[in-house]
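Welcome, and please have your viewer ready. We will go from one selection to the next and look at what is there.

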Amino acid sequence: MTTTPRWRALTQHHLFWPVAVLVVLLLINVPFTPDFFSIKMTDGHLYGSLVSIVLFGSPLILVAVGMTLVIATGGIDLSVGAVVAITGALTCSYISDRSDQDALSGVFLAMGIGLVAAVVCGLWNGFLVARMGIQPIIATLIIMVAGRGVAQLITDGQIITINSEPYKLIGGGYWLTLPFSIFVVAAVVAVTVALTRRTALGLLVESVGGNAEASRLVGIRSRRIKIMVYVFCALCAGIAGLMISSNTSAADGNNAGLWIELDAILAVVIGGTSLLGGRFSIGGTVVGALVIQTLTTTIYTIGVPTQTNLVFKAAVVIVVCLLQSPKFRAKVFGARFGSGPGANGSGTSAATPADTTPTTAAAPKMEVS
Amino acid sequence: MSATTQTPKAKAPDSRTTSRGAQLLGDRRLPVLVTATLFIAMYIGGLSRYANYGFGEPQVFLNLFIDNGYLLVAAVGATFVILSGGIDLSVGSVIGFTTMLTAWLVEKQGLPILVVIPIALGVGAFGGFLMGYVIHNFEIQPFIVTLAGLFLFRGLCLVISKESIAIDDSSVSSMAQAQASLGMGFLSVGAIVALVVLAVAFYVLHYTRFGRRVYAIGGNEQSAMLMGLPQGGTKIAVYTVSGFCSALAGLLFTLYIQSGDPLHATGMELDAIAAVVIGGTLLTGGSGYVLGTLFGVLVLGLIKSIIQFEGTLSSWWTKIATGVLLCAFILIQRAMTTRRKT
Amino acid sequence: MAEPKPVLEMTGIVKEFPGVRALSGVDFRLFPGEIHALMGENGAGKSTLIKVLTGVYSLDSGTVTLDGKSVRIGSPLQAQQAGISTVYQEVNLCPNLSVAENIFIGREPTRFGRIQWKRMRQEAAELVDRLGLDIDVTAPLSSYPLAVQQLVAIVRSVGTGDSDGSGTGTKVLVLDEPTSSLDRDEVLELFRLMRQLRDEGVAILFVSHFLDQIYEICDRMTVLRNGALVGEHLVSELDQVGLIQLMIGKAMDQLEELHEHQLHADVGETLLKADGLGRVGGVAPFDLEIKKGEVLGLAGLLGSGRTELARLLFGADQPDSGKVTIGGKQVSMSAPNDAISAGVAFCSENRKTEGLVPELTVRENIILALQAARGWTRPIPAAQRDELVAKYIKALDIRPANPEARVGRLSGGNQQKVLLARWLITQPKLLILDEPTRGIDVGAKAEIQKLVVSLSEEGMAVLYIAAELEEVLRLSHTIGVLRDRKLVAQLANGPEITPTRILETIASGEHQ
């Protein structure tokens, strides 16, 4: 046996496969762009393919991080794209009405207004899901449909362009040689990790998503947690909205954040969080979002027509989902790998026998009810 | 209901007749009635407000069918899927892809439209079949499988061409301009096809075993299985129907707009789903009528017409109004289902 | 009178699940025109046998003979076509369709592929009429109460093979706990229908946890235990005490031997008091008192209302009558939170679905209840958390002793201990244990019982539910006896309380 325990531990780490995919994707670029990994300093700013991947991927990372928590509770949020558009529209239209668009107070106020709107959207989603008991897909469909209309209403159907230096910083500016949006993303990711892992929020979210009935019986107030999670997701989408509109110095109610909800869900899935809820990984999601962004960049650099990007994405969705499907694993790899995520590998852990007699018989019975 | 002592049913009427409102709320046809009433009210409202601008012309009414024929066909397909308890996000992309495929085959490959039509329909139906196959056999959520379909077909559009392809073929344009006169007005080929599709769907859903199985698995998939119904085949068939309808809607859209464009019908799956829900079909499946979907489409179409007549209102009000209606109907549905459970 | 030929014969039925032999060579026969009860406690193999018979599971070995011909039943559809129909406890019909459709779906009368609605409604109405029921077949099924839906399910199963010859008419009707949530009138109506069908020659297999119903309606019964056949008896020849002995599986004298008292006497003041607490379809209103340091055992057969009673005391189900006072204060019991903050803890019998979060680690599962009580903003400090977890892993001997192990991969006994640890670190005043020893090995069983004793010595009140009588007797100060969803007696444990006495109380349903 040449495989050392360390190697095995590494491959079993939940981030192994997402990171491996990312690395392979990055390496594919090298033959086509030999200086792919080089980073140059020009005018005090760092430039390079890696920097731009992170820069262009920033809004997606933000949205996907918020989405991760929603999915971990067993939900889904389709409205994030619309929230991106609304936030950008509100903020830009407020700034454009100012006489001095560079005034810091005005910019902060504008951002505040945009983010409050995002939070309101999140509260609405959370209310429908947690209080009214409406399926998340359906509940968030409402804002998905109406939200873009609202965004266009705010911008009056125009693309509002602004000329505000301080606002430009968020999505297009540089700070300490790096794009400022990288710092925003880092801050949001850090806050999210702290919020979920330094407090008990992460545990409770995973518990609600992992077994809703057990969570109820253990006294977790899942309604509050769900509402919080939808608000947080909308807030992340709002920040992404600021970033997108800042980057282009314009608010486009129709196209800002188009399809971002689908990319975000994809990023979460690639990152190893199950769509059924339960265990989540913020790190995995960040890697997943980077994979998607790298895929786009790679397709561009290796000279494949950019329009095939979506076809690749479709292929990725299918492959990832098939690999997550126990039935598919059972059919393709044989029953040995089919019994669930826990079944592959793990020769190390003490192979304890499954629960004995009656409970096993009871498990299939559940399906009939 | 007569109260009899023989069966425990005797209890039911007591609790049932207590409140007329509750009784009304329990009727499955209620949402369709609400939508139909809403449509009529909106139409009358439009009549009184824009009477001087020709809103009363029969052709304005008929235009609802002409301008929304493709949406009606797509929504009929979505009705099958939603009735079975699933969802299909690929509708808009399949429509867009069909416009591109048709335009490309006709313009760039020079195939006659009569050859292209079966090809396009076949591709759409096969796409739907594949999605249904994956959903059923690998037990992956329909949402995510059809999301992949959305990406795939939109991507294939762009693979065919990044640019829009105008269709100048004479047989296509003559087909597009063909009109059936109804005395007071006329209908286009697209509108007639849409109405035929509606009629066929109605027949299939109400008068064939397949149609009833769609309702059964939407009502309770586990039960349907235990009752010995072939729920797997039905599920795959439902997505095939939806793919077929999307492709047909794509053909109608091509006729309507006479071009193929990789961005055609972006997001139309949302319009289709909204029309189905506003038409009173439960998003959780098992309850609803394809006739409701017609009213749902008409309401959406009427909103657009009214906004046009209003002149000062902008097009985005369509989206907002759709969202508000969607919300209202989802809440009505919620009230109905909770009542039924108790 | 010569015994008629059985319509159904199952011989040497074996069914295995990974790690479990659910049925080991069971024989079963069913005669035309009889109502036959299938009896057994948890894990006896009743549901598995039924599912093999109805094609939900495929059998590993053994033969099924129907009408003298050997048959292979691969799916519910094949079972129906062979003439075996099933009505489950949860009505497996489509509530969104009309009654007539539910009766006919899958075999609707058609002409050139077109469903003939008129004919279908007419035939459905005739069928309903013939069976003496008064149901409007055009109404949606969901407009009827559960009891009627159950009758419709029976009508459906009887109506097989009417229109297009896809079936051969029902020979065997399986009724799997159809009565568990019906009231008395509804049960009578069901029984009337069952008798009518029996008189028409249908063989009915009836599963129910209500002993009275078995003795009221059944002609013959088969008793299973631990996946094996214990015996087949005419109902008239086996009294209730005898039946319970067969089901529980120990002869009286054997039970007596095991029974020894080692109870401490430090029972304190009243902790919890329930007055007229009850829930329709759950358990009839009851009064109950639990004192500090007391172990209150609940004895009763499966489905007698043990679990339902416990769930009411925890707020897992909302009571619709009565009130609960804990430590002198009335508690609303509208949600588990209310009970938890009053110091009640509940380990469900369904560890997997209602207890553990399988994806999470041992540590996370252990701290879950305490963390839920503290709220998300106040995480348990890591050091304190690890110390607590380590302490309980050691105290309960959870294996593997790795707090990072995923709980879903632990054995049943260890999962149970994790669940116990979860509640013990919240230091509850009342611990409700619903079948904590079910499906776990002997060693773990003894450990858990020892733990219960020591907890009660420290002053914790324990409500203990177990299927095995001797377990209840050995541990409890007081024994609540349940039968047919009613708390029929509360006996102070003492030398005169023997397993026989409990059995007789269960069998008679009276406090002697």
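Before the first click, keep in mind that this is a predicted model.

**Stop 1: a crowded residue in chain C**

Select Ile432(C) and show its surroundings. Leaving aside residues up to four places away in sequence, Ile432(C) touches Ala310(C), Leu313(C), Phe314(C), Val344(C), Ala345(C), Phe346(C), Cys347(C) and Leu463(C). Which core does Ile432(C) belong to? Ile432(C) sits in the largest nonpolar core, a set of 388 residues. Together with Ala74(B), Ile432(C) has the most contacts inside that core. Now colour helix 11 of chain A, residues 222-248: this helix brings 16 residues, the largest share of the core. As background, nonpolar side chains tend to be buried together in soluble globular proteins.

**Stop 2: chain C as a whole**

Zoom out and show chain C alone. You can look for 18 helices and 22 strands here. The radius of gyration of chain C is 25 Å, close to the 24 Å that the globule rule gives for 512 residues, so chain C is as compact as a globular protein of that length. Along the principal axes, the C-alpha trace of chain C spans about 75 × 55 × 45 Å. Of the 512 residues in chain C, 53% are buried. If you draw contacts between residues at least 6 apart in sequence, 68% of those in chain C join residues at least 24 apart.

**Stop 3: three strands of chain C**

Select residues 35-39 of chain C, which are strand 3, and residues 220-225, which are strand 11. Do these two strands run parallel or antiparallel? Strands 3 and 11 of chain C run parallel and are joined by 4 bridges. To find one of the pairings, click on Ala37(C): its bridge partner in strand 11 is Met221(C).

Next, add strand 12 of chain C, residues 228-234. Strand 12 runs antiparallel to strand 11, and 6 bridges hold the pair together. Here you can pick out Leu224(C), whose bridge partner in strand 12 is Leu229(C). Strands 11 and 12 of chain C form a hairpin with 2 residues between them. In that turn, look for Asn226(C), which has a positive phi of about 45 degrees. While you have strands on screen, it helps to know that side chains in a regular strand alternate between the two faces of the sheet.

**Stop 4: an enclosed helix in chain C**

Staying in chain C, select helix 5, residues 146-158. This helix has 13 residues and reaches 18 Å from its first C-alpha to its last, close to the 18 Å expected at 1.5 Å a residue. How many of the residues of helix 5 of chain C are buried? The count is 12 of the 13, so helix 5 is largely enclosed by the rest of the structure. The buried residues of helix 5 include Val148(C), Leu151(C), Ile154(C) and Val155(C), and also Gln149(C), Gln150(C) and Arg156(C).

What covers the buried residues of this helix? Show strand 6 (84-87), helix 3 (99-104), helix 4 (117-130), strand 9 (172-176) and helix 6 (184-199) of chain C, which are among the elements of the cover.

**Stop 5: over to chain B**

Hide chain C and show chain B, which has 15 helices and 4 strands. Its radius of gyration is 21 Å, close to the 20 Å that the globule rule gives for 342 residues, so chain B is as compact as a globular protein of that length. The C-alpha atoms of chain B fill a box of roughly 75 × 55 × 35 Å along the principal axes. Buried residues make up 56% of chain B.

Inside helix 4 of chain B, residues 58-83, select Asp67(B). Asp67(B) is partly exposed, with 17 other C-beta atoms within 10 Å. Now measure across to Gly190(B): the two residues are 123 apart along the chain, yet their C-alpha atoms are separated by 8.8 Å.

**Stop 6: where chains A and B meet**

Bring in chain A, with its 16 helices and 6 strands. Of the 369 residues of chain A, 50% count as buried. The contact between A and B takes 34 residues from chain A and 36 residues from chain B. On the side of chain A that touches chain B, helices 6 (136-155), 14 (309-324), 15 (326-333) and 16 (357-368) each supply at least two residues. Helix 6 of chain A gives the most, with 12 residues. By type, the residues on this side of chain A divide into 22 nonpolar, 8 polar and 4 charged.

Methods
Residues numbered from 1 in each chain as written. Chains lettered and ligands numbered in written order. Predicted model: local features only at pLDDT ≥ 70, side-chain atom pairs only at ≥ 80, totals over all residues. Pairing = 2+ DSSP bridges. Contact = placed C-beta atoms within 7 Å. Nonpolar A, V, L, I, M, F, W, Y, C, P; charged D, E, K, R; others polar. Buried ≥ 20, exposed ≤ 12 C-beta atoms within 10 Å, placed from the backbone. Core = buried A, V, L, I, M, F, W, Y, C linked by C-beta atoms within 7 Å. Rg over C-alpha atoms; globule rule 2.2 N^0.38 Å. Expected span 1.5 Å × (residues − 1).
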